[in-house]
Amino acid sequence: MLNQNFSQKGVIQTSDAESIKSPCDGVTRTLLERDDYSEYAVSTTLVQFEPNASFDEHTHDYGEELLVLEGIFSDEHGNYPAGTYIRNPHGTSHSPFSKDGCKLLVKLRQFDKMDTRKLIIDTNKEKWLPGLVDGLFVMPLHNFEYENTALVKWDPCTKFNFHQHYGGEEIFVIDGTFYDEFGNYPKYTWIRSPHMSKHQPFTKDDGALIFVKTGHLLKSNNE
Ligand SMILES: [Fe+2]
Ligand SMILES: [Fe+2]
């Protein structure tokens, strides 16, 4: 069990965290949250494919959500460069591989069964929308009931409003450094903040690009 108390904040700076082998050669994992250590875990993981590594064919029970961070991720359906956001709903299957290697953020078994929408978004090609404050830009990726997923781009020295997370908030820092009154979160930090937690985030000289999910922790909280 790792980071399974959803009423507590979880922070992992992945460059300091240990990576472990997966069942497939050339594929390693940095665990962020996991409800058991089997291959059937509800999990959030940073996954690294070495060049020419492949992963066994598998079916996505309760879905697979994936963000390509580096390199090119592939399966029998296509090639997905860094910046691609993918949702493989419940019941889909594939045999992934990477010719030149890649790094991915992967969330497994966390779809609502009614959320059957398959998505492949190349975020390099999508438009940014203005955010709630100057210097903030938003790219919505997906929403289902209370769950919202987006990329948020922060110009240097941008300050957001003090706010509360109904249903919690999960952030992965893709680039730059993200800050709030509790700490600083450099590139490739994972942050999960509980239902009804509050903060006032900001950036300094380097700005930030973050992957954000909100509203999705309410269910875990009530169970
Ligand atoms: Fe998969
Ligand atoms: Fe927040």
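Rings of Phe, Tyr and Trp, with the six-membered ring taken for Trp, pair if their centres lie within 6.5 Å. By this rule the count comes to eight aromatic pairs. The model is predicted. Two iron ions, ligand 1 and ligand 2, are bound by histidine and glutamate donors. The points below take the iron sites, the aromatic rings, a strand hairpin and one buried serine in turn.

**Iron ion, ligand 1**

- The iron ion (ligand 1) has as protein donors His-58 (NE2), His-60 (NE2), Glu-64 (OE), Glu-64 (OE) and His-94 (NE2).
- These donors lie 2.0 to 2.6 Å from the ion.
- Along the chain, the donors of ligand 1 follow the spacing H-x1-H-x3-E-x29-H.
- His-60 has 2% relative accessibility, so it counts as buried; the cut-off for buried is under 20%.

**Iron ion, ligand 2**

- His-163 (NE2), His-165 (NE2), Glu-169 (OE), Glu-169 (OE) and His-199 (NE2) coordinate the iron ion (ligand 2).
- The distances here run from 2.1 to 2.7 Å.
- The donor residues of ligand 2 are spaced H-x1-H-x3-E-x29-H in sequence.
- Among them, His-165 and His-199 link distant parts of the chain, 34 residues apart.
- His-165 belongs to strand β17 (residues 163-165), and His-199 belongs to strand β21 (residues 197-199).
- Both of these histidines, His-165 and His-199, are buried.

**Aromatic pairs and a cluster**

- A pair of aromatic rings is described by the distance of the centres and the angle of the planes.
- The eight aromatic pairs include Phe-49 with Phe-73, which is edge-to-face.
- The centres of Phe-49 and Phe-73 are 5.8 Å apart, with 75° between the planes.
- This pair joins distant parts of the chain: Phe-49 is in strand β4 (residues 43-49) and Phe-73 in strand β7, 24 residues apart.
- Phe-49 and Phe-73 are both buried.
- Trp-154 and Phe-160 also form an edge-to-face pair, at 6.2 Å centre to centre and 70° between the planes.
- Trp-154 counts as buried because its relative accessibility is 6%.
- Phe-160 has 14% relative accessibility, so it too counts as buried.
- Trp-154 and Phe-160 belong to one aromatic cluster with Phe-178 and Tyr-185.

**Charges over rings**

- Lys-187 lies over the face of Tyr-188, 5.1 Å from the ring centre.
- Arg-192 has its charged end over the ring of Phe-6, at 4.0 Å from the centre.

**Strands β7 and β8**

- Strand β7 (residues 64-75) pairs with β8 in the antiparallel sense, over four bridges.
- A hairpin of two residues joins β7 to β8.
- Asp-75 stands opposite Gly-78 in β8.
- In a regular strand the side chains alternate between the two faces of the sheet.
- Strand β8 (residues 78-81) shows this alternation.
- Gly-78 and Tyr-80 point to one face and are buried.
- Asn-79 and Pro-81 point to the other face and are not buried.

**Ser-43**

- Ser-43 is placed in strand β4.
- With a relative accessible area of 1%, Ser-43 is buried.
- Beyond its neighbours within four places in sequence, Ser-43 is in contact with Glu-33, Arg-34, Val-106, Lys-107, Leu-108 and Gln-110.

Key. Residues numbered from 1 in each chain as written. Chains lettered and ligands numbered in written order. Predicted model: local features only at pLDDT ≥ 70, side-chain atom pairs only at ≥ 80, totals over all residues. Heavy atoms only, no water. Buried < 20%, exposed > 50% of the residue type's maximum accessible area, 1.4 Å probe, protein only. Pairing = 2+ DSSP bridges. Donors = N, O, S within 2.8 Å, 3.2 Å for Na, K, Ca; no water. Phe/Tyr/Trp six-rings, centres within 6.5 Å; stacked < 30°, edge-to-face > 60°. Lys NZ or Arg CZ within 6 Å of the ring centre and 35° of its normal. Contact = heavy atoms within 4.5 Å.
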